[in-house]
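Dear colleague,

I am passing on the structure we discussed, and my notes come after it. Please read them alongside the coordinates.

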Amino acid sequence: MTSSDMVAQVPLEWYLLVSGILFAIGMTGVLTRRNVLVIFMSVELMMNAVNITLVAFGTALNSLAGQAFVVFVVTVAAAEAAVGLAIIMALVRHKPTVDPAEMELMKE
Amino acid sequence: MSVGGMTIPIPSIAEVVFLVLSAVAIVAGLMMITRQDAVHSALWLVVVLFQLAGLYVLLNAPFLAVLQVLVYAGAILVLFLFVIMLLQLREGPQLGNVHQIQRVAAWPIGALLAVELVIVIALASGLHAPALPAGVAMHVPTAPQAVPAATPLPAGSGSTAFNNPGGGWPVEEVALYNGEPRALGIELYTNFLWPFEIASFILLVAVIGAIVLARREEPIPAEVETRGISLARGAYPGSPQAAEIGKVLAGQVPGVHVVQRDLAGDAPAPPFPHVTGLPGDAPRPPADPPAGPQA
């Protein structure tokens with residue numbers, strides 16, 4: 001089954017709609033949560049929503065660039081998770097809280 | 001059946017699979033951002049990521065589906081869970097204890113963004129009936145057959161992408177190889193070679209940065225400097241170490257003094273016998289109060 005058949009079966013807009021909804025959910029999570037780890041997870045959700053868009057467009061346009069972009073996004077997400085979680089560990093060790101409002105080291 | 005204003009008489013199997021995967025992903029995403037326990041949030045995020053892997057399969061990108069499960073669900077989320085467990089952060093701050101305004105305003109803002117994205121996509125894709133002014137409508141065809149070839153097949157193009165440097169894959173070959181990891185690999189190593197190398201460098205920097213940031217700086221206790229031997233832990237009964245410790249405590253070893261010292265300074269730790277006077281030890285001031293069974 002070629003990509004044309006698959007995309008013809010599910011319209012491109014459906015993927016974009018799901019991607020937009022997931023992106024909005026991720027943004028809401030970033031705005032509402034006060035646990036820095038959950039905020040981090042919400043950012044990951046937003047990146048995944050964008051990945052869906054990239055792959056859907058790539059498949060619809062018969063281009064592999066979309067999939068290649070997603071490979072790089074996943075790579076950067078892995079690096080970001082490693083460094084970000086290390087920063088969170090260092091912060092929590094310095095001051096045992098996960099509330100970003102209480103992380104005001106730079107103000108002092 | 002009506003989705004997004006578009007009426008579909010009979011949903012195909014792919015559409016049913018898509019709808020199920022998307023519905024579960026959206027519900028799990030909402031669960032993720034509303035759970036109090038960070039571990040529950042992480043597990044709901046795993047559910048979302050698995051649904052997205054299913055969508056990748058539906059999009060004829062099996063390599064990305066495997067990548068999604070291995071890297072995202074397998075590595076990144078396990079890293080999250082490690083940090084949550086390691087720092088014992090399960091009981092996070094309650095939702096909206098302090099930031100009432102943020103809590104109240106965030107949901108309408110998020111809903112507004114979702115509605116806006118949906119409307120934009122619906123308008124742009126022609127799902128919406130009202131006609132747009134000329135020049136505004138951005139038609140995205142649903143059928144890829146209608147898309148003109150982004151890269152026309154160059155004359156004399158061979159069977160490999162190497163004959164088409166910088167121009168992307170010929171459409172015919174993409175259609176032929178799409179879905180195979182081999183095509184994506186060739187694409188990554190030809191047209192995306194520099195980004196690929198930069199990505200590997202980013203990973204290297206991230207590894208170094210994570211190690212530097214997460215390493216715990218252990219302060220050296222001052223008591224270690226005195227080369228004393230702590231008898232607090234004792235030894236297994238009957239072992240040579242236990243016999244040696246017994247000799248020391250009985251004062252049978254010449255030149256070795258047993259003192260009671262509080263290693264933790266002002267900490268309320270009970271004092272315990274401490275052996276000094278070993279070779280290499282600095283001479284201890286006589287003011288050190290000797291205690292215990294000393295010769």
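Below are notes on the contact between the chains, one helix pair and the nonpolar core.

This is a predicted model, in which local features need pLDDT of at least 70 and side-chain atom pairs count only at pLDDT 80 or more, while totals for chains, interfaces and linings use all residues. Residues are numbered from 1 along each chain as its sequence is written, and chains are lettered from A in the order in which they are written.

Taking two residues to be in contact if their C-beta atoms, placed from the backbone, lie within 7 Å, 71 residues of chain A contact 86 residues of chain B. On the chain A side, α4(A) gives the most, with 23 residues (helices are DSSP runs of H or I, at least four residues, numbered from the N terminus).

Across this contact, α3(A) and α2(B) pack with their axes 10 Å apart and at an angle of about 5° (axes are lines fitted to C-alpha atoms over the stretch in contact, and angles run from 0 to 180 degrees between N-to-C directions). The two helices α3(A) and α2(B) are therefore roughly parallel, a term for angles under 35 degrees.

The largest nonpolar core has 71 residues, and those with the most contacts inside it include Met41(A) and Leu45(B); such a core is a set of buried Ala, Val, Leu, Ile, Met, Phe, Trp, Tyr and Cys residues joined through C-beta atoms within 7 Å, buried meaning that 20 or more other C-beta atoms lie within 10 Å of a residue's own. Among the residues that Leu45(B) touches, not counting those up to four places away in sequence, are Met41(A), Glu44(A) and Leu77(B).

Best regards

Definitions and conventions:
A residue is buried if 20 or more other C-beta atoms lie within 10 Å of its own, exposed if 12 or fewer, and partly exposed in between; C-beta atoms are placed from the backbone. Angles under 35 degrees count as roughly parallel, over 145 as roughly antiparallel, 65 to 115 as roughly perpendicular and the rest as oblique.
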